[in-house]
Amino acid sequence: MDLAASLTLVLPEIILSLSGLVLLLVAAWAGDKASSAISIAACIALGACFFLVAPAVCAGASGPDTVAFYGQFRADAFAGFAKLMIFAASGAALVVAPAFFSRNGSMRAEYPVLVLFAALGMSIMVSAGDLMTLYIGLELNSLSAYVLAAFLRTDGRSAEAGLKYFVLGALASGILLFGMSLTYGFTGTTSFEGIRAALAGEMSTGALFGLVFVLAGLAFKISAVPFHMWTPDVYEGAPTPVTLFFASAPKVAAVALTARVAFDAFGPQADAWRQIVIFAALASIVVGALGAIGQSNIKRFLAYSSINNVGFILIGLATGTVAGASAMLVYLAIYVPMTVGSFVAVLMLKDESGGPIEGIADLAGLSRTRPALAWCLMALMFSLAGIPPLFGFWGKFVVFQAAVEADLIALAALGIAASVIGAFYYIKIVKIMFFDEPADTVRGRSDWAHWALLAVCAVLMSPLGYLLTGVLDVLADGAAAALFLVA
Amino acid sequence: MEGVPILSLMLLVPMLGAIACLFVNAGTARTIALAATLVDFALGILLWANYDIGGAQWQFTERAPIFAGFSWALGIDGIALMLIMLSVFLMPICILASQSIDKRVGEYMAAFLFMEALMIGVFAAQDLFLFYIFFEAGLIPMYLIIGVWGGKDRIYAAYKFFLYTLLGSVLMLIAMLWMVNEAGTTDIPTLMNYDFPAGAQTWLWLAFFASFAVKMPMWPVHTWLPDAHVQAPTAGSVILAGVLLKMGGYGFIRFSLPMFPEASVQLMWLVFALSMIAVVLTSLIALVQEDMKKLIAYSSVAHMALVTVGLFAFNVQGFEGAMMVMLGHGLVSGALFLCVGVIYDRLHTREIDRYGGLSINMPKYALFFMLFTMASVGLPGTSNFVGEFLALAGIYQVSSWVTAVCATGIILGAAYMLYLYWRIAFGVQKNADAAAMPDLSAREWAMLAPIAAAVLWMGVYPESFLAPMRADIQALDARVARVKPEGDARLAMGTVARAEAHEGAH
């Protein structure tokens, strides 16, 4: 494969890095007053990348034509599918930010630049074909994320979130690196293809340790139990647009990366990682559900909800089949608008002076004071709970279908029974909004961008979303097949 | 009628009405809701009129593969037709009964119209997953109806209703996924004739049972029902008792029996045991209730137990009896809740002690109430008699013990219903405010008179209702013929007795 072909395949990443660098210079010279122009430019860059990636996903690109730089980078349909979600979610994080930050004048020109670099990192992550590429992408994303978490410099909680995220993230990176070095030591290569070949047959104890540490490091990134402790604190402390970003795009990237590592590099040893994934899946579902019950802050609540959702995604991974990988992608595609919509709704909860409201108790009687917002939020809550006819049900449905087809019936039954615990706290939010007497603290108005984004998410999650199942199914199947074709 | 997707239309009308109700004021919402339900009722009559008795098993079928993994497949047989008729018949009455609702009327009407669409969808779905979606989706509007417009403890009742039914049905989803994986189709008519391995049937049956037993509800998972009924507004109770409980029975007759016949026979004892306990125990509980709605709620559990024993008798009388009890109970318990609602609207209490001697100041009301009480008891000439008699005749062929215990339930039923009627309608007028209540208004007449007519029609000429279902019930009977259990009452004259009972049924 010649250099030109490789460069063509990484064109979206090149666009992202160039625009990130140029915008950084613009930010440095023009200062914060250019922040809105930079945001728009960043959105355009993300949009351009979105449309560059889309054809590969539609065509189900796979095979040697999608491999760049001698296997270090893979621009197949699987990576493309994840990138589409990443770019869309990053765009949403850019759209909602100005209204939030401008209230106390903390909208800075670095915000869109950091989001761009984070998106670039994630884009590299999902395309990684080598442990080195994996690590570079992961760190580029993480370093941007640490800064983003602490973006409200004057706010103690935000600084705390950034610091916590950094310390624990560094620990996880250390674990991951340790696992990678063990894997390299016992297989003699860092490329997924090489690891795959070296691991065929009996697995040595050292390589098993490598596998465990790599998975542990990645579990931290997707905030799966037992590596989830940072999630509620960081989600609560980080500025809400940043939390929206954390809950959507990096989650997609980390899950896609985990899937690639598990199916591709460690594919021959599926039995070795399956039990770890099953444990993490069930533990995430239960801990996420139980943890959410006692929360009084809606961002913490959504953090536990995201832990809960990761558990369902991991059930798809645990199957180890093409159908399971496809189900994961469908789940993610539904999860992203669902979680983006929920956080946009949280952003729209403002008091009279426009200050953010985060207490769940303040939602009381929202259906009477702000009916449109309450109905949208209700649709999203029932959707997160996986109650049909809302579209969130479909994500759980395909995941459990894959599990049943892979003969993991006990896992499916336990997982779905535990989802009832989760349903309890989602309907609690509905109860507070619809059954309780109005607290009437939510008074602030929101701009059209928030309303538009919320409306799009709510419509997607409504029963109308089922009309997309056909398209979604074809795309996800193509993407999953691409993953397995390489593997 | 060819080419008109009448079932989709029946789903669309209330759906559009519901969306419209969300955006208009109270008065307009009431009108829209009434109009939408009446249009749906008219469509229902059209459906019945065009239903070809003795024709194809599945009629008015529609199929549009617009989703991945399942399709928009609708179609009805006689059993579904009757249950759809019950739903569309009760809905306009429910809307009329909601006159006393004065807060958030638009949302209330929208919730009811959504509910109607989902109920029709449950009975009309011909795709396994489409059925599941409709079946589960009903939780959302019902949760809101109980929680927003319910009584004092509405929040507890709403949670209990939601979580109980959800826990019951999620396991059913896993079973459905397994079945589809095994059989390779989501088409309900195909699955009804698919022979699953006997070992797996037990598990599948239990998973479906978990869902339908809660919905039905069977003892001991019935405890959500009294709470939900007592707290729900009148119309909510009517829909809950009239139609939602029937989804459990429909599930048994559509899924458990034809899809898992071996397991059904194998676990017959479980159904019988739970039903016998339910009949006796809940009847005794009903006897000591001080709250009218609670009493009727417990009586529902007892009546539903007759449905389950009838279904698991594995013969034509049993199936027909179960269906007739379902239809009759749908009308009668709905009517009884309406009767409670009529006096609740006047005095705002459900406590039986606060009433008394109502036949003096409300003679017309007392007459209607009497008719429905008698129907609930199972007096010949009313709808419930037909069903209860057939169900007991059916079960007698299988087990005389079960019949004996269940027949006790009828006696106990007479006891608690007559006791209720006596305390409310007869005796001295001990409370001045109760004595001052005016008799039925025109609106209340319009609610009760149609149900009274239907109850009498069903009691006097049940053939109208049995005829559309006959072929389907015979098909079901043929399907379970290979596993038909040996009855304990088959003495020398058994065959003749059975033939006579059979003749009597038709």
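Here is a short back-and-forth about this predicted model and its two chains, A and B.

Me: Let's start where the chains meet. Which element gives the largest share of the side of chain B that touches chain A?
Reply: The contact involves 26 residues of chain B and 26 residues of chain A. On the chain B side, the elements giving two or more residues are α5 (128-137), α6 (139-149) and α7 (154-183). Twelve residues come from one helix, and that's the largest share: α7(B).

Me: And by class, how many residues on that side of chain B are nonpolar?
Reply: We're still on the 26 residues of chain B that contact chain A. Three of them are polar and one is charged. The nonpolar count is 22.

Me: Over to helix α8 of chain A. Do its buried residues line one face or are they spread around, and what arc do they fall within?
Reply: The helix covers residues 192-199, and A:F192, A:I195, A:R196 and A:L199 are buried. Looking down the axis of α8(A), these buried residues line one face of the helix, because they fall within an arc of 100 degrees.

Me: Which helices do those buried residues pack against?
Reply: The residues in question are A:F192, A:I195, A:R196 and A:L199, the buried ones of α8(A). Their partners are in chain A: α7 (156-187), α9 (205-221) and α11 (240-265).

Me: What residue with a positive phi follows α8(A)?
Reply: The helix itself takes in residues 192-199. After it comes a residue with phi near 85 degrees, and that's A:G201.

Me: Now a strand. In β2 of chain B, how many residues are buried?
Reply: β2(B) runs over residues 72-76, five in all, and is mostly covered. The buried count is four.

Me: What does B:Q59 stand opposite in β2(B)?
Reply: Strand β1 (residues 59-64) of chain B pairs with β2(B) in the antiparallel sense, over four bridges. In β2(B), the residue opposite B:Q59 is B:I76.

Me: How are α18(B) and α21(B) oriented to each other?
Reply: α18 (residues 383-396) and α21 (residues 442-460) of chain B have axes 6 Å apart. They pack at an angle of about 40 degrees. An angle under 35 degrees would count as roughly parallel, and this pair is therefore oblique.

Me: Which residues of α21(B) make that contact?
Reply: By class, the contact of α18(B) with α21(B) has four nonpolar, two polar and no charged residues. α18(B) brings B:S383, B:F385 and B:V386, while α21(B) brings B:V455, B:M458 and B:G459.

Me: Same sort of question for chain A: how is α13(A) oriented relative to α18(A)?
Reply: The axes of α13 (residues 298-319) and α18 (residues 409-434) of chain A come within 11 Å and cross at roughly 170 degrees. Anything over 145 counts as roughly antiparallel, so α13(A) is to α18(A) roughly antiparallel.

Me: And which residues of α18(A) are in that contact?
Reply: The contact divides into four nonpolar, three polar and no charged residues. From α13(A) come A:N308, A:F312, A:I315 and A:A318; from α18(A) come A:L411, A:G415 and A:G422.

Me: Is B:G17 buried or exposed?
Reply: B:G17 sits in helix α1 (residues 6-22) of chain B. Leaving out residues up to four places away in sequence, B:G17 touches B:I32, B:A33, B:A36 and B:L113. The cut-off for burial is 20 or more other C-beta atoms within 10 Å; B:G17 has 25 such neighbours, so its class is buried.

Me: How far apart in space are the C-alpha atoms of B:I6 and B:L46?
Reply: B:I6 also belongs to helix α1 of chain B, and B:I6 is partly exposed, with 19 other C-beta atoms within 10 Å. Along the sequence, B:I6 and B:L46 are 40 residues apart. C-alpha to C-alpha, the separation is 8.9 Å.

Me: Any backbone oddities? What is omega for the cis peptide bond from A:P388 to A:P389?
Reply: Most peptide bonds are trans. A cis bond joins A:V225 and A:P226, with omega about 10 degrees. A:P389 lies in the loop between α16 (371-385) and α17 (392-405) of chain A, and for its cis bond with A:P388 omega is near 5 degrees.

Conventions: Residues are numbered from 1 along each chain as its sequence is written. Chains are lettered from A and ligands numbered from 1 in the order in which they are written. This is a predicted model: local features need pLDDT of at least 70, side-chain atom pairs count only at pLDDT 80 or more; totals for chains, interfaces and linings use all residues. Two residues are in contact if their C-beta atoms, placed from the backbone, lie within 7 Å. Ala, Val, Leu, Ile, Met, Phe, Trp, Tyr, Cys and Pro count as nonpolar, Asp, Glu, Lys and Arg as charged, and the others, Gly among them, as polar. A residue is buried if 20 or more other C-beta atoms lie within 10 Å of its own, exposed if 12 or fewer, and partly exposed in between; C-beta atoms are placed from the backbone. The arc is that of the directions from the helix axis to the C-beta atoms. Two strands pair if DSSP finds at least two bridges between them. Axes are lines fitted to C-alpha atoms, for helices over the stretch in contact, and angles run from 0 to 180 degrees between N-to-C directions. Angles under 35 degrees count as roughly parallel, over 145 as roughly antiparallel, 65 to 115 as roughly perpendicular and the rest as oblique.
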